[in-house]
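Trainee: I have a model open on my screen and would like to talk it through with you. Could we go over the ligands first and then the helices?

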There are 2 protein chains.
Amino acid sequence: NATAKAELGRATWKLLHTMASRYPVIPTQDERAAMKQWIFLLSRLYPCGECAEHFQQMLKEHPPQTSSRAALSDWSCSVHNIVNARLGKKEFDCRTLSDVYKCGC
Amino acid sequence: NATAKAELGRATWKLLHTMASRYPVIPTQDERAAMKQWIFLLSRLYPCGECAEHFQQMLKEHPPQTSSRAALSDWSCSVHNIVNARLGKKEFDCRTLSDVYKCGC
Ligand SMILES: Cc1cc2nc3c(=O)[nH]c(=O)nc-3n(C[C@H](O)[C@H](O)[C@H](O)COP(=O)(O)OP(=O)(O)OC[C@H]3O[C@@H](n4cnc5c(N)ncnc54)[C@H](O)[C@@H]3O)c2cc1C
Ligand SMILES: Cc1cc2nc3c(=O)[nH]c(=O)nc-3n(C[C@H](O)[C@H](O)[C@H](O)COP(=O)(O)OP(=O)(O)OC[C@H]3O[C@@H](n4cnc5c(N)ncnc54)[C@H](O)[C@@H]3O)c2cc1C
């Protein structure tokens, strides 16, 4: 059902963007590998078959950018915008990212 | 701030429980390894320092159970209940899990 799919999507984007907003400004190689692998595993395990397929295809065309917090945040925003476009949603202005995602740590 | 931390927590639990509800009934070794690794990476990358520490400690004491959909669902519910208890929240009745988490795939 569409409501469950949308709720799952909202939850996942929230987690991903918040992770990006707290990712190290300058990550180590090990931190980069961990994030990259987490994203690829997410695309395999994502519990919506249609979305998971789109997600995996998107990762091939737009590999995760993990070299810095800014790079990862921009990447997350831009792949979310690709999904937005596919679903006929409005493009999100990535310059406003840091106002939206705060983790309260 | 506490609102952001709570929203992040709700999003993450939603993703985890929904993943568990769609995890293979009988997973392959490869699917088991993927899920286990995803959970461990999540505990490293989780963007709330205090929570990530608790999460990592909890994984040591209660390693992810990935042998079946039922095992993973029960495990997710029980670790969520451990966090509930620590935060003074009500215990969730794990027998109602399948009524709550539907992905709409
Ligand atoms: C990896 C992935 C793949 C998906 N594939 C599909 C699919 O194939 N088919 C399908 O029907 N659904 C898919 N979804 C779900 C879909 O993207 C939405 O989550 C869902 O439709 C609910 O949309 P929403 O309008 O509530 O806002 P969402 O798109 O869930 O966004 C939540 C909030 O994030 C903010 N936001 C919006 N755009 C951005 C951005 N670019 N960067 C940062 N923040 C932003 C806004 O505040 C928005 O309200 C997918 C979700 C994920 C995580
Ligand atoms: C791994 C992890 C560690 C965390 N550690 C901390 C911490 O150390 N300190 C802190 O302040 N916060 C922590 N949090 C956040 C905290 O668990 C809550 O998410 C947050 O307090 C919001 O709580 P809530 O009452 O809205 O419901 P949540 O606990 O977020 O639960 C969301 C919904 O899930 C359902 N639910 C409740 N219990 C279960 C269960 N056992 N199984 C399945 N579904 C259930 C209910 O419908 C509930 O409304 C952590 C979150 C995660 C994911």
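Mentor: Happy to; this is a predicted model, and we will take the ligands in turn and then the helices.

Trainee: Which residues are the closest to ligand 1?

Mentor: Let's start with the whole shell, where 23 residues surround ligand 1. By class, they split into eleven nonpolar, seven polar and five charged. The closest of them are A:R10, A:W13, A:H54, A:H80 and A:Y101.

Trainee: Which helix gives the most to the shell around ligand 1?

Mentor: Three helices of chain A each bring at least two residues to that shell: α1 (2-22), α3 (49-61) and α4 (69-86). One of them gives the most, with seven residues, and that is α1(A).

Trainee: Which residue puts a polar backbone atom 2.9 Å from a nitrogen atom of ligand 1?

Mentor: Side chains take part too, so to speak, and A:N81 is a good place to begin: a polar atom of its side chain is 3.2 Å from a nitrogen atom of ligand 1. A:K89 also uses a polar side-chain atom, which sits 2.9 Å from an oxygen atom of the ligand. The backbone partner you are asking about is A:C77.

Trainee: How much of ligand 2 does the protein cover?

Mentor: Look at the polar partners in chain B before the area. The side chain of B:N84 has an N or O atom 3.0 Å from a nitrogen atom of ligand 2, while B:R86 and B:K89 each place a polar side-chain atom 2.9 Å from an oxygen atom of this ligand. On its own, ligand 2 has 950 Å² of accessible area, and the share covered by the protein is 82%.

Trainee: How many residues does α1(B) give to the shell around ligand 2?

Mentor: The shell holds 23 residues, with B:R10, B:H54, B:H80, B:R86 and B:Y101 the closest. In chain B, α1, α3 (49-61) and α4 (69-86) each provide at least two residues. The biggest giver is α1(B), and its count is seven.

Trainee: Which residue caps the N-terminal end of α1(B)?

Mentor: Helix α1 of chain B covers residues 2-22, and its 21 residues reach 30 Å from the first C-alpha to the last, close to the 30 Å expected. At its N-terminal end, a side-chain oxygen lies 3.1 Å from the backbone nitrogen of B:T3. The residue that owns this oxygen, and caps the helix, is B:N1.

Trainee: At what angle do α2(A) and α3(A) pack?

Mentor: Two numbers describe such a pair: the angle between the axes and the distance between them. From α2(A), residues A:I39, A:F40, A:L42, A:S43 and A:R44 meet A:A52, A:F55, A:Q56 and A:L59 of α3(A). Those contact residues divide into six nonpolar, two polar and one charged. The axes are 7 Å apart, and the angle is about 150°.

Terms used: Residues numbered from 1 in each chain as written. Chains lettered and ligands numbered in written order. Predicted model: local features only at pLDDT ≥ 70, side-chain atom pairs only at ≥ 80, totals over all residues. Heavy atoms only, no water. Near = heavy atom within 4 Å. Polar contact = N/O pair within 3.5 Å; in protein donor to acceptor, adjacent residues only side chain to side chain. Helix = DSSP H or I, 4+ residues; strand = E, 2+ residues; numbered from the N terminus. Nonpolar A, V, L, I, M, F, W, Y, C, P; charged D, E, K, R; others polar. Expected span 1.5 Å × (residues − 1). Axes fitted to C-alpha atoms, helices over the stretch in contact; angles between N-to-C directions. Contact = heavy atoms within 4.5 Å. Areas by Shrake-Rupley, 256 points an atom, 1.4 Å probe, with all protein chains shown as cover.
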